[in-house]
Amino acid sequence: MTLSDEDRAKRKFSPSDIDRILTTTFIHAVDYYETLPSTNTRAIELATEEQNEGKSPILVIADSQTAGRGRGLNRWWSSPGSLAFSVLFRSETVQLPLKHWPQLSLAAGLAVCDAIELLNCGPQPSLKWPNDVLVKGRKVSGILAEVAGKQPGNLIVGIGVNVNNKSATAPPELRSNVIALGELSPNQVNLVDVLVAILQRFDARVHWLRSDPDALHSEWSKRCILTGKTVEIEVHSRRMVGVCEGIDRDGALLLRTPSGHERFLSGTILSYD
Ligand code: BTN
């Protein structure tokens with residue numbers, strides 16, 4: 001279907017924006033849609049299509065998602081003005097040992113923090129393990145990392161960022177917990193600038209993972225909002241409370257609980273204070 005000029009003008013990304021993404025970031029190919037159920041779901045499909053073999057990273061982006069997915073069974077709230085995209089990495093082109101793949105989502109979280117600071121659109125972003133980016137204690141971005149298909153080697157990192165959407169339009173149960181970059185900055189925030197900055201910083205952070213994982217670990221530790229706080233975590237329907245002692249080199253959350261030290265590679269944070 002060809003778009004009319006009017007429809008084209010309504011799109012979030014113009015052909016020159018796509019060109020800018022391809023020429024200034026590590027993205028090798030862009031798959032852009034007006035509407036998708038979920039960019040992560042589309043990236044999983046792409047990973048299994050033979051004609052895409054060898055190309056990576058591929059960016060899947062949509063102006064809007066109708067069934068954006070969060071971690072577990074959560075839905076991702078996205079409304080006009082927000083940014084939703086997924087990056088598909090293939091092991092043969094990303095040159096990152098498989099042991100570091102679980103840390104890609106933390107690298108992505110750091111990249112979002114970096115971009116917020118670089119663009120001056122919010123004070124002191126922090127990371128809430130495993131994959132939320134918070135500003136002023138409210139969620140500005142969520143990250144969903146998934147493995148595509150049965151064979152190891154296709155990893156998808158989906159990132160949602162509240163940019164020019166309004167927290168007042170979020171579902172009532174989320175409203176006081178979320179915030180958009182546009183609500184933190186006196187200036188209009190440019191969606192393409194945010195996307196390009198995140199992708200550039202993501203590339204830089206993936207390089208750190210390859211060359212200096214310890215330095216990356218120290219950055220996570222600086223940003224971790226849970227360190228020193230009493231945290232309640234749920235893992236496979238089991239709840240535990242402990243004092244957070246940071247994140248280790250593998251990206252696991254460390255808690256000091258009444259029964260000893262515990263290490264969590266996954267889980268949901270129910271509360272912290
Ligand atoms: C979370 O906070 O639980 C993770 C949210 C991840 C949302 C993004 S939006 C782009 C990509 N597509 C999806 O369906 N989900 C991720």
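Where in the chain is the place of proline 130? Proline 130 belongs to the loop between strand E4 (126–128) and strand E5 (132–135), and the peptide bond that leads into this residue from tryptophan 129 is cis. The model described here is a predicted one. This briefing treats the ligand and its surroundings, then backbone geometry in the loops, then buried polar residues, and finally pairs of residues that are far apart in sequence.

**Ligand site**

- The ligand sits in the largest pocket.
- The ligand is surrounded by 20 residues, and the closest are Ser38, Gln65, Arg69, Arg71 and Lys139.
- By class, this shell consists of ten polar, six nonpolar and four charged residues.
- Four elements each contribute at least two residues to the shell: helix H3 (39–48), strand E3 (83–90), strand E6 (138–147) and strand E7 (154–161).
- Strand E6 gives the most, with four residues.

**Polar contacts to the ligand**

- Lysine 139 places an N or O atom of its side chain 2.5 Å from an oxygen atom of the ligand.
- The contact of arginine 69 comes from the backbone: one of its backbone N or O atoms lies 2.7 Å from an oxygen atom of the ligand.
- Glutamine 65 uses its side chain, with a polar atom 2.9 Å from a nitrogen atom of the ligand.
- The ligand taken alone exposes 410 Å², and the protein buries 97% of that area.

**Backbone geometry in the loops**

- Most residues other than glycine have a negative phi, and most peptide bonds are trans.
- The peptide bond from tryptophan 129 to proline 130 departs from the trans form, being cis with omega near 5 degrees.
- Proline 130 has a relative accessibility of 18%; buried means under 20%, so proline 130 counts as buried.
- Glutamine 124 is not a glycine, yet its phi is positive, at about 35 degrees.
- Glutamine 124 is placed in the loop between helix H5 (104–118) and strand E4.
- The relative accessibility of glutamine 124 is 68%; exposed means over 50%, so glutamine 124 counts as exposed.
- Serine 237 is another residue other than glycine with a positive phi, here near 65 degrees.
- The place of serine 237 is in the loop between strand E8 (230–235) and strand E9 (238–247).
- Serine 237 counts as exposed because its relative accessibility is 71%.

**Buried polar residues in loops**

- Which loop holds serine 56? Serine 56 is found in the loop between helix H3 and strand E2 (58–65).
- Serine 56 has a relative accessible area of 7% and is therefore buried.
- From this position, the side chain of serine 56 reaches the backbone nitrogen of arginine 90 at 3.0 Å.
- Asparagine 165 lies in the loop between strand E7 and helix H6 (191–211).
- With a relative accessibility of 1%, asparagine 165 counts as buried.
- The side chain of asparagine 165 takes part in two contacts listed here: a polar contact with the side chain of asparagine 162 at 3.1 Å, and an approach to the backbone nitrogen of valine 163 at 2.9 Å.

**Separation in sequence and in space**

- Glutamate 146 is part of strand E6, an element that also supplies residues to the ligand shell.
- Glutamate 146 counts as buried because its relative accessible area is 17%.
- Glutamate 146 and isoleucine 44 are 102 residues apart along the chain, while their C-alpha atoms are separated by 8.4 Å.
- Proline 130 and phenylalanine 13 are 117 residues apart along the chain, with 30 Å between their C-alpha atoms.
- Proline 172 belongs to the loop between strand E7 and helix H6, which is also the loop of asparagine 165.
- Is proline 172 buried or exposed? Proline 172 counts as exposed, because its relative accessibility is 61%.
- Proline 172 and glutamine 200 are separated by 28 residues in sequence and by 34 Å in space, C-alpha to C-alpha.

Note on methods. Residues numbered from 1 in each chain as written. Predicted model: local features only at pLDDT ≥ 70, side-chain atom pairs only at ≥ 80, totals over all residues. Heavy atoms only, no water. Near = heavy atom within 4 Å. Polar contact = N/O pair within 3.5 Å; in protein donor to acceptor, adjacent residues only side chain to side chain. Areas by Shrake-Rupley, 256 points an atom, 1.4 Å probe, with all protein chains shown as cover. 1 Å grid on protein atoms, 1.4 Å probe; cavity = no way out; pocket = protein on both sides within 12 Å on 5 of 7 lines; lining within 4 Å. Sits in = over half its atoms within 2 Å of the grid points. Nonpolar A, V, L, I, M, F, W, Y, C, P; charged D, E, K, R; others polar. Buried < 20%, exposed > 50% of the residue type's maximum accessible area, 1.4 Å probe, protein only.
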